[in-house]
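Student: I'd like a close look at the interior of this one. Take it slowly, and give me the cut-offs as you go.

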Amino acid sequence: MTTKPVVLLAEELSPATIAALGPDFEIRYTDGSDRAQLLPAIADVDAILVRSATQVDAEAIAAAKKLKVIARAGVGLDNVDIKAATQAGVMVVNAPTSNIVSAAELTCGHILSLARNIPAANISLKGGKWKRAKYAGTELLDKKLGVIGLGRIGALVAARMQAFEMEVLAFDPYVTAARAAQLNVKLVTLDELLAQSDFITIHMPKTPETVGMLGKDAFAKMKKTAYVVNVARGGLIDEEALARALEDGEIAGAGVDVFSKEPSTDLAFFGHESVVVTPHLGASTDEAQEKAGVSVAKSVRLALAGELVPDAVNVAGGVIAPDIRPGIPLIEKLGRIFTALAQDSVTQIDVEVAGEIASLDVKALELAALKGVFTDVVSDKVSYVNAPVLAEQRGVAVRLLTTTEAEDYRNVLTIRGLLQDGTQVSVAGTLTGPKQVQKLVGINGYDVEIPISEHLVVMFYSDRPGVIGTIGHILGMNEINIAGMQVARADATGTAMALLTVDSAIPPTVLETVKREIGATVLREVDLED
């Protein structure tokens with residue numbers, strides 16, 4: 001008699017979620033927020049489904065001896081220790097597209113609330129006051145909406161607000177002009193967007209570069225009648241700067257759903273009547289919750305059947321040949337390096353697989369390459385299923401090219417892209433030795449061979465004596481240790497490329513000093529830390 005795999009539901013999930021799991025599993029229930037119940041309950045299960053109240057940390061993962069899948073019915077993964085899960089060989093899946101409509105609609109709700117003073121007028125009237133003149137608003141007709149980040153949610157917001165006959169401006173360095181035209185959106189610089197927009201909504205990923213993106217300098221460039229909205233990630237708006245901008249009358253108001261620290265109930269800008277705040281409600285609709293549950297239930301079915309799991313965030317999974325699997329994390333990293341070097345809209349991406357593995361089914365490598373390319377570009381969690389959609393949305397043509405011929409290595413993986421300005425960027429890598437060491441073996445046609453590390457620096461400069469010493473001196477003076485370095489050049493008199501691996505991230509001021517002192521035409525740091 002065959003024993004069914006066991007799936008533990010640690011929080012209340014919809015009947016549709018259970019139906020999506022189907023009859024092939026033994027379903028158990030527990031209160032995931034109660035550690036005394038969770039730890040023994042998780043001991044012998046194959047999969048666990050959670051929302052946000054259950055902490056699936058290293059202790060819980062260690063207690064789960066048979067666990068294969070952790071499924072989070074939602075987008076965020078703050079309550080799942082992904083590193084511990086990966087080390088234990090446990091797949092983590094979520095539902096990255098479940099809330100995009102809900103988040104877009106909430107953004108539109110904030111815009112309407114700000115334009116017509118709905119929350120303030122509601123509180124006033126319920127308090128026994130009739131103040132029509134005080135709460136006179138503004139029409140959206142012919143106003144300009146600035147969308148920072150034209151990914152899936154940003155595009156949905158743009159489409160919905162165009163129904164109000166708003167003109168939509170957008171800033172997104174990774175969206176092509178063709179894609180913008182398709183959305184009837186005008187691409188502009190960030191400064192142009194800030195200066196011209198009546199309403200500004202931000203939909204960017206939270207990275208070191210985007211934290212505080214709407215801060216003191218940005219508010220100073222806006223109209224005094226402008227409103228800002230953030231339903232994306234806490235921290236994209238500098239909350240102290242927002243309070244000062246409102247106090248000084250630099251902007252008219254704000255709608256905020258997400259905060260740097262949550263829960264937040266008493267921030268300085270909460271006291272302004274022209275501010276609308278909600279307690280992180282972006283995904284809080286019945287429809288989004290049901291979509292999330294059904295999505296992760298399907299992922300659990302795929303994972304426990306040994307098939308490719310599109311929404312896996314830490315393990316590729318799927319029916320993939322053993323010789324292909326080691327290349328998946330390699331080509332994801334190559335994709336992130338490619339993006340760091342591109343710095344412009346990409347119109348075409350070729351994923352090239354050369355060598356012995358080219359005779360196998362290498363489709364997973366194409367998906368992994370696209371996942372890497374878009375990981376540091378969009379605010380949404382990138383997975384193997386949405387990466388091709390992201391490429392299509394941005395008007396990026398993608399080709400998978402294979403050949404069994406590889407000159408210098410058994411197998412070489414290359415990502416080659418054509419940028420909007422006509423230039424090309426290429427990054428190549430391979431796996432070497434019994435330990436399958438990940439190595440970079442080519443950048444833009446320059447041959448190298450250096451292990452990939454968490455911190456990489458790529459620079460191009462006019463080849464001449466003394467440059468290497470200058471680089472080493474500046475980094476040494478700033479206590480940046482060089483772990484490895486290679487220099488490549490096309491000929492004895494032309495441009496050289498230096499590729500460095502360093503032990504820690506290099507401050508932007510130090511990078512700028514290096515670039516200036518050696519006269520580098522291009523200098524990029526690539527941070528591959530998870």
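Tutor: Let's start with the lining of the largest cavity, which by class has nine nonpolar, two polar and two charged residues. Here Ala, Val, Leu, Ile, Met, Phe, Trp, Tyr, Cys and Pro count as nonpolar, Asp, Glu, Lys and Arg as charged, and the others, Gly among them, as polar. Keep in mind that this is a predicted model, where local features need pLDDT of at least 70 and side-chain atom pairs count only at pLDDT 80 or more, while totals for chains, interfaces and linings use all residues. Residues are numbered from 1 along each chain as its sequence is written, and side-chain values use heavy atoms, with hydrogens and water left out.

A cavity is a set of points, on a 1 Å grid over the protein atoms alone, where a 1.4 Å probe fits but cannot get out; lining residues have an atom within 4 Å of a point. There are four cavities of 30 Å³ or more, and the largest holds about 90 Å³ of space (points are joined across faces, edges and corners, and the volume is what probe spheres set on them fill). Of its 13 lining residues, Tyr-174, Val-346, Val-373, Phe-374 and Val-377 lie nearest the centre. At least two lining residues each come from α13, β13 and α14 (363–375), with α13 giving the largest share, three residues. Helices (H or I, at least four residues) and strands (E, at least two) are DSSP runs numbered from the N terminus.

The second largest cavity has about 60 Å³ of space. Another 13 residues make up a lining here, and Gly-149, Asp-172, Met-204, Val-377 and Val-378 are the closest to its centre. Val-377 thus turns up in the central group of the largest cavity and of the second largest one. By class, the second lining splits into seven nonpolar, four polar and two charged residues.

Now back to α13, because it matters for the packing too: this helix (residues 327–342) supplies nine residues, the largest share, to the largest nonpolar core. That core has 51 residues, and Ile-331, Leu-334, Leu-365 and Leu-440 have the most contacts inside it. A core is a set of buried Ala, Val, Leu, Ile, Met, Phe, Trp, Tyr and Cys residues joined through side-chain atoms within 4.5 Å; buried means under 20% relative accessible area, exposed over 50%, and partly exposed in between (1.4 Å probe, protein chains only). Zoom in on Leu-365: beyond residues up to four places away in sequence, it touches Ile-324, Gly-327, Ile-328, Ile-331, Val-351, Val-353, Ile-357 and Leu-413, contact being heavy atoms within 4.5 Å. A second, separate core of 30 residues includes Leu-169, Met-213, Ala-245 and Ala-254.

Finally, the open space. A pocket is an open set of points with protein on both sides within 12 Å along at least five of seven lines. The second largest pocket has a volume of about 510 Å³. Its lining runs to 24 residues, with Val-412, Thr-414, Ala-428, Val-441 and Asp-447 nearest its centre. Strands giving two or more residues to that lining include β13 (346–355), β15 (411–419) and β16 (424–432). By class, twelve are nonpolar, seven polar and five charged. Thr-414 sits in strand β15 and is buried, at 9% relative accessible area. Outside four places in sequence, Thr-414 contacts Asp-350, Val-351, Glu-352, Val-427 and Ala-428.
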